[in-house]
Amino acid sequence: MIKIPSYIHFTRPGMLTTVQDLGRFDMAGYGVPYSGAMDRYSLAQVNFLLSNPKGAAVLEMTNLGPEMVFERSTRVVFAGAEAEILLNNKRIVKNGQVIEIQEDDCLSIEKFRKGQWLYMGVQGGFETEEVAGSKSWYPQITERGYIQKNDTLCYLSEEERFYPPVETKAKVRSDWYRTAQIKAYPGPEWDMLPTLLKNRITKKTFSVSDLVSRMAYQLTEEIPNELPGILTSPVYPGTVQLTPSGKLLLLMRDAQVTGGYPRILQIDNISLNILCQKRPGEKIKFSIL
Amino acid sequence: MEIKYFLIHDKLVEFSWPPIISEDILEKLNQVTVYLQNAYGEGIKEIRKGYHTLSLRLHVSISEQDCRDLVEEFKMLDARSLDHSAKTWHIPVAYGKAFGKDLSLLAKIHDLAEEEIIKRHSAGIYVLHFYGFLPGFMYLGGLDPVLFTPRKSKPDRQMSKGSVAIGGHQTGIYPMESPGGWYAIGKCPITLFDIKREPAVQLQVGDRIRFEPIDADSFEAIYQLAVQGKYDLRHD
């Protein structure tokens, strides 16, 4: 099997374009966030459809998306957010399709219609630097924090015929993240909340604010409270913190490993993938497990 | 000492001790960590610590009864002697001026001479409770209460790598560039955290730290040695 190291050239970097895999789990004891794909379900989908190893490194993109040119042939698959994806300025590329890329092909990610994070898997995964067991980018942990203009990414171009893992034309749907329901377990400080506030949190419909990052999503509605701070304690992706000023912080994949705000909820893993695809202004409702 | 548990879901449980920053509790957490690793190593995904909390992520499911049993097992550990292999590390720090831009401000806040702040800060013996906040950031106990200072209401955009700072009841070293709300009083010339080094940090939870004042010339000399990998951090 001939595999030739080849490069994707980014002619437009996009807003927050990074390489992600399942994450870096062995260094949390030294304060290193897990990182990894925001939407792990879509990461798994693109890798499955390319017959890649489960945790192969993929490209994570958000609004605004990048534009890239491929040096040699390969195959790519998109999943996650629904965006307008142009191949050489025409053909609309659909999520879940295995796209045959030829030398000098240009892929451009335009308008996002639905969802927050888009994933592009490449056959074999990206050949980028591995740090402490993961290729996930995190500023000052990996050499690069996010794609910049004229950056390149290495992949291995394979001449061989590709046998797709599914016979039929796979159709990747995106309605799985349409639900507003976010399932969550009570967190260690949940019982410090008076019943009135517990009810408010479980009955209210919240909306995602503009403060959306790989570290945390902040909700717009506030919950005024008198909870005291806590001594710094462990937090995880999916931990919901309630600040003294009433803000709800939903910690995401790049979350710090410890925090000092009361941890009122812990979002279930599947719901965390749903939540991360919510865009500013979209509604969510907690349902307690 | 009372030990509580909180089962978040069947693969994530948090054990907590009384909510105070204390070396006794730190020792208990370390003892429990070693015990868990030896007794249940394979089922454990990760053990993560705070000042008084120990969070356990598991590969296998755990029940309320398992948690109660574990608490009993932790209590039985009390009698055993501890491994007192903790080291005391000497961390060089250049204080004030270009190295710690907030030293004079902090002196004003406390109505103390800058020298007095340096004296008090470098006289302390600090204990490393855990890593958090940033990769390689040490949560240190033992700051002189005279130096307790509420955090800045508006964080600085950029604390430079190596900044030694005071915030709230704590002091710490910024292991990398980051925004921060603490008062920078000095700078450490060596890289304490390097993820590509094995191990990434030399200082382990439970170890002790002393800050040793150095002048600008020594800062430069140590910095150069450290860059070439020729500086060995002293410890006893």
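**Exercise 1. Find the domains of chain A and describe where they touch.**

Solution. Start with the division: chain A splits into domain 1 (3-173) and domain 2 (179-288), with bounds taken from an automatic or database domain assignment. Before going on, please note that this is a predicted model, in which local features need pLDDT of at least 70, side-chain atom pairs count only at pLDDT 80 or more, and totals for chains, interfaces and linings use all residues. Residues are numbered from 1 along each chain as its sequence is written, while chains are lettered from A and ligands numbered from 1 in the order in which they are written.

Next, take the centres over C-alpha atoms: those of domain 1 and domain 2 of chain A are 29 Å apart. Then look at contacts (C-beta atoms, placed from the backbone, within 7 Å): 17 residues of domain 1 of chain A meet 14 residues of domain 2 of chain A. On the domain 1 side, α1 (40-49), β5 (74-87) and β8 (106-122) of chain A each give two or more residues. Helices here are DSSP runs of H or I with at least four residues, strands are runs of E with at least two, and both are numbered from the N terminus. The largest share of that side, 3 residues, belongs to β8(A).

Finally, sort the domain 1 side by class: 8 nonpolar, 7 polar and 2 charged. In this scheme Ala, Val, Leu, Ile, Met, Phe, Trp, Tyr, Cys and Pro are nonpolar, Asp, Glu, Lys and Arg are charged, and the others, Gly among them, are polar.

**Exercise 2. Trace the barrel of chain A and the pairing of β18(A).**

Solution. Follow the strand order first: 7 strands of chain A close into a barrel as β10-β17-β14-β15-β12-β11-β18, with mixed pairing. Strands pair if DSSP finds at least two bridges between them. Neighbouring strands of this sheet are turned by 40° against each other on average, direction ignored.

Now look at β18 (residues 283-288) of chain A, which runs parallel to β10 (residues 181-186) of chain A and is joined to that strand by 4 bridges. Ile182(A) faces Phe286(A) in β18(A), and Lys183(A) faces Ser287(A). With β11 (residues 206-212) of chain A, β18(A) has 2 bridges and an antiparallel run; there Ser207(A) is opposite Lys283(A).

Last, add helix α3 (residues 269-276) of chain A, which lies across several strands, including β10 and β18, at about 135° to β10(A). Axes are lines fitted to C-alpha atoms, for helices over the stretch in contact, and angles run from 0 to 180 degrees between N-to-C directions.

**Exercise 3. Is Ile8(B) buried or exposed, and which residues does Ile8(B) touch?**

Solution. Place the residue first: Ile8(B) sits in strand β1 of chain B. Then count: Ile8(B) is buried because 23 other C-beta atoms lie within 10 Å. The cut-offs are 20 or more other C-beta atoms within 10 Å for buried, 12 or fewer for exposed, and partly exposed in between, with C-beta atoms placed from the backbone.

Leaving out residues up to four places away in sequence, Ile8(B) touches Tyr185(A), Gly187(A), Gln266(A), Val13(B) and Glu14(B). Now widen the view to the chains: 22 residues of chain A are in contact with 28 residues of chain B. The chain A side has 13 nonpolar, 9 polar and no charged residues.

For contrast, Glu2(B) belongs to the segment before β1 (4-9) of chain B and is exposed because of its 8 C-beta neighbours inside 10 Å.

Key:
Contact = placed C-beta atoms within 7 Å.
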